[in-house]
Amino acid sequence: MTAPLHDTSAETPAPVSVADVPAKAIEGRSPGRIAWMRLRRDKVALTGGVVVILLILVAIFAPLIVKLLGHDPNEFHEDLIDPDLGTPLGSLGGISSDYLLGVEPTNGRDVFSRIVYGARISLIVAFLAAFVSVVLGSFLGALAGFIGGWVDGVISRLMDLLLAFPQLLFTIALVSVVPNSVWGFEGSGVRMGVLILVIGFFGWPYIGRIVRGQTISLREREYVEAARSLGAGRGYILVKELMPNLVAPILVYTTLIIPTNILTEAALSFLGAGVKPPTSSWGKMLSDAVPIYQDDPMYMVVPGMTIFITVLAFNLFGDGLRDALDPKGS
Amino acid sequence: MLVYLIRRLFNVAATLLVVSVVTFGIFFAVPKLTGSDPALMYAGRETNETALAGIRVKMGFDKPISEQYLLFVKGIFAGRDYDGGTGVTHCAAPCFGYSFKTEAPVWQTMMDRIPVTLSLALGAAVIWVLAGVATGVVSALKRRTAIDRTVMVGALAGVSLPIFFTGMVAPAIFVYSLGWLDVSNYKPLTEDPLAWLNSLILPWVTLAFLFAATYARITRATMLEVLGEDYIRTARAKGLKEGVVIRKHALRSTLTPIVTMFGLDLGGLLGGAVLTETTFNFQGLGTAAVAAISQGDLPVIMGVTLLAALFVVLANLIVDLLYAVIDPRVRLT
């Protein structure tokens with residue numbers, strides 16, 4: 001491992017500890033430090049990163065935030081609803097100092113609280129599904145690229161097959177046949193588990209292809225040959241020589257697969273295959289808005305913009321990270 | 001070439017075989033394990049045991065799963081006879097069985113809905129390829145100018161917007177506020193071309209925006225990479241006009257990854273633009289599938305899934321054949 005690449009991840013925006021580097025001395029910069037310096041100059045990417053961190057904090061401290069600024073996400077407030085139209089009383093979907101983002105049509109639940117709790121579902125599913133994809137994709141992709149032969153053939157065919165699968169339909173269908181309680185989990189817990197596994201499983205070929213291609217081009221390099229001539233085994237070469245060079249593409253792809261997963265989770269919730277009510281999710285809110293958005297556009301705009309800002313922030317950060325880690329960049 | 005084609009067609013068949021086995025397994029084997037009875041789904045709630053037994057025999061639910069699967073495959077290629085003891089129903093090839101809910105032949109249902117999905121996907125595809133590639137190329141050529149930045153900001157917004165959000169915002173503006181278009185009045189092209197166009201423009205643009213954004217980003221990145229290649233310098237050095245260099249040399253290699261993506265994207269959409277159809281309330285393959293899933297209508301689910309997979313693998317095959325046309329270096333072996 002030549003580069004402390006994890007220092008550039010979203011969770012640690014603070015300056016990298018450089019205590020072991022003597023001040024003012026002319027030093028060779030590791031690739032990780034170069035990347036970090038570039039990233040620090042990229043204001044757009046940093047803004048994306050800050051928004052991402054804020055969102056993660058919102059998801060973690062959801063109960064506290066709702067306690068301070070909102071109302072119980074599942075509590076009905078029918079007194080805030082126009083009994084004839086079913087739309088919230090007041091302008092802009094019932095936005096007030098008490099209900100920061102207005103109230104839901106019909107039931108009058110607090111939109112702010114539901115958005116805040118929805119962040120949990122969205123981020124948990126997106127991150128864990130990305131984790132599944134990255135683990136499967138890196139392992140199988142590296143295996144296919146490194147061993148080649150029939151192993152490569154089988155893994156590559158499998159990736160082609162998964163890319164040909166109608167994922168959205170398949171997932172909705174699978175969710176509909178999965179029973180309500182599995183291994184002690186119930187309701188939304190089961191749904192989340194299914195979503196994570198399915199989104200993660202259909203996502204790995206994208207990473208797998210990249211890692212496979214990288215591995216094929218790396219395995220013929222001189223330093224690998226050098227290691228081999230020194231008597232290094234296959235496992236050693238794969239883990240110690242190749243993996244460190246695969247970290248950068250995997251890291252970039254991870255930050256770019258998370259927003260895709262957020263969109264997929266929202267899409268599945270929109271189609272009714274997401275977490276079960278009353279658990280709130282952004283996609284479900286949008287599908288609830290379909291019949292009523294002509295009368296209450298705010299209830300469509302709030303979750304829609306939330307998804308947009310979240311996904312945009314991840315994309316901005318991912319793009320910046322890719323540019324920063326690009327060895328050809330300046 | 002011929003050998004290549006045969007091998008690829010063999011791959012297509014293998015992929016469809018696996019997809020069908022997996023789908024069949026999930027929808028027919030899982031209900032068996034969890035104890036729900038397909039005959040009951042077929043018959044509806046108000047029924048009796050004799051009627052159920054009849055349905056089981058007629059539809060073949062009494063047979064082992066593997067045999068049911070073989071019957072299903074046979075039906076697709078050779079047609080199938082349903083014999084419930086009270087008379088034989090012949091279902092001509094390609095037979096995908098009958099819907100549990102409407103009892104209509106699945107093949108017929110799919111054929112009825114394909115024109116909607118086809119109109120939606122193809123129209124959008126034309127827009128997004130033209131718009132995406134054009135803006136991507138312009139952006140690359142005008143690198144680091146205001147045009148480039150505007151296009152890239154727009155494209156980044158495009159890839160971050162969910163279609164089920166823009167699909168509501170667009171009609172809210174153009175249909176309900178301004179009253180320019182009417183999305184609810186879909187008519188087949190052959191019946192009323194104007195109504196067809198009127199109802200499709202908005203879904204096309206909404207869907208195309210999403211894809212055009214991705215295409216613009218990829219086109220720009222690839223184009224910039226290609227423009228740095230040695231052969232572009234050679235082309236310029238030998239005195240070719242800049243326009244010729246861009247069109248004949250740079251654009252050609254830029255198109256390779258675009259064509260790959262296009263195959264996957266279009267193939268995926270033809271199997272049902274699920275989200276777009278749902279948002280705009282179009283009766284296409286996607287909405288048929290979603291409805292079938294929520295009703296447990298297994299034969300329709302099977303049919304649409306297989307058709308969707310067929311579109312994807314065929315689109316990929318066509319794309320690979322197109323490579324040889326775009327890039328003369330590619331030999332199909």
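These are legends for a handful of close-up views of a predicted two-chain model.

**View 1. Chain A at a glance.** Chain A carries 11 helices and two strands. Reading from the N terminus, its elements go α-α-α-α-α-α-β-β-α-α-α-α-α. Of its 330 residues, 50% are buried. If you look at contacts in chain A with a separation of 6 or more, 74% of them link residues 24 or more positions apart. The chain exposes about 15,800 Å², and carbon and sulfur atoms supply 64% of that area.

**View 2. Helix 2 of chain A against helix 11 of chain A.** Here residues 43-60 (helix 2) meet residues 298-325 (helix 11), with axes that come within 7 Å and cross at roughly 130°. With angles over 145° counted as roughly antiparallel and 65 to 115° as roughly perpendicular, this pair of chain A helices is therefore oblique. The crossing of helix 2 and helix 11 is left-handed. On the helix 2 side you'll find A:Val44, A:Ala45, A:Gly48, A:Gly49, A:Val51, A:Val52 and A:Leu55. Facing them from helix 11 are A:Ile309, A:Thr310, A:Ala313, A:Phe314, A:Leu316, A:Phe317 and A:Gly320. Sorted by class, the residues of this contact are 10 nonpolar and four polar, with no charged ones.

**View 3. Helix 9 of chain A alongside helix 11 of chain A.** Helix 11 has another partner in helix 9 (residues 234-270), packed at an angle of about 165° with the axes 9 Å apart. Helices 9 and 11 of chain A are therefore roughly antiparallel to each other, since the cut-off for that label is over 145°. Their crossing is left-handed. Helix 9 brings A:Ala248, A:Leu251, A:Val252, A:Thr255, A:Leu256, A:Ile258, A:Pro259, A:Ile262, A:Leu263 and A:Ala266 to the contact. Helix 11 answers with residues including A:Ile307, A:Val311, A:Asn315, A:Asp319, A:Arg322 and A:Leu325. The tally for this contact is 15 nonpolar, four polar and two charged residues. A:Thr310, A:Phe314 and A:Phe317 of helix 11 touch helix 9, and these residues also turn up in the contact with helix 2.

**View 4. Chain B at a glance.** Chain B has 13 helices and two strands. Its 333 residues are 48% buried. For contacts in chain B with a separation of 6 or more, residues 24 or more positions apart account for 65%. The accessible surface comes to about 16,100 Å², with 66% belonging to carbon and sulfur atoms.

**View 5. Helix 12 of chain B, under cover.** Eight of the 11 residues in this helix (residues 285-295) are buried, so helix 12 is largely enclosed by the rest of the structure. The buried ones are B:Leu285, B:Gly286, B:Thr287, B:Ala288, B:Ala289, B:Val290, B:Ala292 and B:Ile293. Their cover includes helix 5 (106-141), helix 10 (242-270), helix 11 (274-280) and helix 13 (298-326) of chain B, and chain A pitches in with helix 6 (167-177). Just after helix 12 comes B:Gly296, with a positive phi near 65°.

**View 6. B:Thr305 and its surroundings.** B:Thr305 sits in helix 13 of chain B. Its relative accessible area is 5%, and it counts as buried because the cut-off is under 20%. Setting aside neighbours within four places in sequence, B:Thr305 is in contact with B:Val19 and B:Thr23 from its own chain and with A:Pro166 from chain A.

Methods
Residues are numbered from 1 along each chain as its sequence is written. Chains are lettered from A and ligands numbered from 1 in the order in which they are written. This is a predicted model: local features need pLDDT of at least 70, side-chain atom pairs count only at pLDDT 80 or more; totals for chains, interfaces and linings use all residues. Side-chain values use heavy atoms; hydrogens and water are left out. Axes are lines fitted to C-alpha atoms, for helices over the stretch in contact, and angles run from 0 to 180 degrees between N-to-C directions. Helices (H or I, at least four residues) and strands (E, at least two) are DSSP runs, numbered from the N terminus. Angles under 35 degrees count as roughly parallel, over 145 as roughly antiparallel, 65 to 115 as roughly perpendicular and the rest as oblique. A crossing is left-handed if the near helix is turned anticlockwise from the far one by less than a right angle, and right-handed if clockwise. Contact means heavy atoms within 4.5 Å. Ala, Val, Leu, Ile, Met, Phe, Trp, Tyr, Cys and Pro count as nonpolar, Asp, Glu, Lys and Arg as charged, and the others, Gly among them, as polar. Buried means under 20% relative accessible area, exposed over 50%, partly exposed in between (1.4 Å probe, protein chains only). Accessible areas come from the Shrake-Rupley method with a 1.4 Å probe; for residues, only the protein chains shown count as cover.
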